[in-house]
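Trainee: Can we go through this model together, a piece at a time? I'd like to ask things as they come up.

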Amino acid sequence: RQLYAGNSVRVRDAIYGGMHPLIPFILVMLVIGLQVVPAVIGGFLFAVLVGGGILQQTLEIALVGVLLFMLLAASLYMLCSSVFALYIVTLPNMTPLQALRSSKEIVRYRRASVLLKLLFLPLAMILAAAFITVPFALLLTPAAPAVFFILTVLSILVVHSYMYALYRELISEGSELHT
């Protein structure tokens, strides 16, 4: 956040101030965990009923597939806004409930475009990782685990940079709508 604001960041500031919002962050993570429950239940039911051979008729499988899709859509709908609460809750004097409400307000009337941007990230990262790791796996096999590890570590930076940039974009668009 400080880098995006143009301020310099010192190691001392990161060490002493970095643990401040830990408990509110964990509470928001718990809420996000609860929001994932419908998708987990849907996936579990689909795996047990279809994968276990209980349902074998096409119509039955299609109905369970529709149920899975609806539960997955419910989870994605809730997660679309709550994921930004992870960034908001780290602001000074911000409670988890305030952060969840603020993040819901940020994506109001823009949930579909935000969801597309959120779904683009894993797709782009998987494609980039495939284009980088597959040649190493085929041509330079001993180096492939190291390359995969480096990409995994760098992916954390890429994900948070992308998410924070998207969060800042939503905030700036929101302020333009209210003026």
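Mentor: Gladly, and keep in mind throughout that this is a predicted model. One residue to begin with is Tyr-162, which counts as partly exposed because its relative accessibility is 24%.

Trainee: Where is Tyr-162 found?

Mentor: Tyr-162 is found in helix 6. Its C-alpha is 9.7 Å in space from that of Lys-117, although Tyr-162 and Lys-117 are 45 residues apart in sequence.

Trainee: What about helix 5, how many residues does it have?

Mentor: Helix 5 covers residues 111-139 and has 29 residues, and the distance from its first C-alpha to its last is 43 Å, close to the 42 Å expected at 1.5 Å a residue. As for burial, Arg-111, Val-114, Leu-118, Leu-121 and Thr-133 are buried in helix 5.

Trainee: Switching to helix 3, what span should its 31 residues have?

Mentor: At 1.5 Å a residue, helix 3 (residues 58-88) should span 45 Å, and its end C-alpha atoms are 45 Å apart, which agrees. Helix 3 nevertheless has a bend of about 35°, located at Cys-80.

Trainee: Which residues of helix 3 are buried?

Mentor: The buried residues of helix 3 are Val-64, Ser-75, Cys-80, Ser-81, Ser-82, Phe-84, Ala-85, Leu-86, Tyr-87 and Ile-88, and Cys-80 in that list is also where helix 3 bends.

Trainee: And at what angle do helix 2 and helix 3 cross?

Mentor: The axes of helix 2 (residues 22-51) and helix 3 cross at roughly 170° and come within 9 Å. Because of that crossing angle, helix 2 counts as roughly antiparallel to helix 3. In the contact of helix 2 with helix 3, the residues divide into 22 nonpolar and 6 polar, with no charged ones.

Trainee: Is Val-31 buried, partly exposed or exposed?

Mentor: Val-31 counts as partly exposed because its relative accessibility is 27%, and its place is in helix 2. Measuring C-alpha to C-alpha in the model, Val-31 and Ala-99 are 11 Å apart in space, with their positions 68 residues apart in sequence.

Trainee: Now the rings: how many aromatic pairs are there?

Mentor: The count comes to 5 aromatic pairs. One of them joins Phe-84 and Tyr-167, a stacked pair with 6.5 Å centre to centre and 20° between the planes. Phe-84 lies in helix 3 and Tyr-167 in helix 6 (residues 144-178), so this pair ties together parts that are 83 residues apart in sequence.

Trainee: Are those two rings' residues buried or exposed?

Mentor: Both Phe-84 and Tyr-167 are buried. Tyr-167 also pairs with Tyr-164, and that pair is tilted, with 5.7 Å centre to centre and 45° between the planes. Tyr-164 and Tyr-167 both lie in helix 6, 3 residues apart, which is about one turn of the helix, and both are buried.

Trainee: Why would residues at that kind of spacing point the same way?

Mentor: An α-helix has 3.6 residues a turn, so residues three or four places apart point the same way. In this model, ring pairs link Tyr-164 and Tyr-167 with Phe-84 and Tyr-87 into a cluster.

Trainee: Last topic, the loops. What is phi of Asn-93 near?

Mentor: Phi of Asn-93 is near 60°, a positive value in a residue other than glycine. Asn-93 sits in the loop between helix 3 and helix 4 (96-106), and it counts as exposed because its relative accessibility is 75%.

Trainee: And where does Tyr-109 lie?

Mentor: Tyr-109 lies in the loop between helix 4 and helix 5. Its phi is near 65°, a positive value in a residue other than glycine, and at 80% relative accessibility Tyr-109 counts as exposed.

Notes: Residues numbered from 1 in each chain as written. Predicted model: local features only at pLDDT ≥ 70, side-chain atom pairs only at ≥ 80, totals over all residues. Heavy atoms only, no water. Helix = DSSP H or I, 4+ residues; strand = E, 2+ residues; numbered from the N terminus. Expected span 1.5 Å × (residues − 1). Bend = angle between axes of the 7 residues up to and from the residue. Buried < 20%, exposed > 50% of the residue type's maximum accessible area, 1.4 Å probe, protein only. Axes fitted to C-alpha atoms, helices over the stretch in contact; angles between N-to-C directions. Parallel < 35°, antiparallel > 145°, perpendicular 65-115°, else oblique. Nonpolar A, V, L, I, M, F, W, Y, C, P; charged D, E, K, R; others polar. Phe/Tyr/Trp six-rings, centres within 6.5 Å; stacked < 30°, edge-to-face > 60°.
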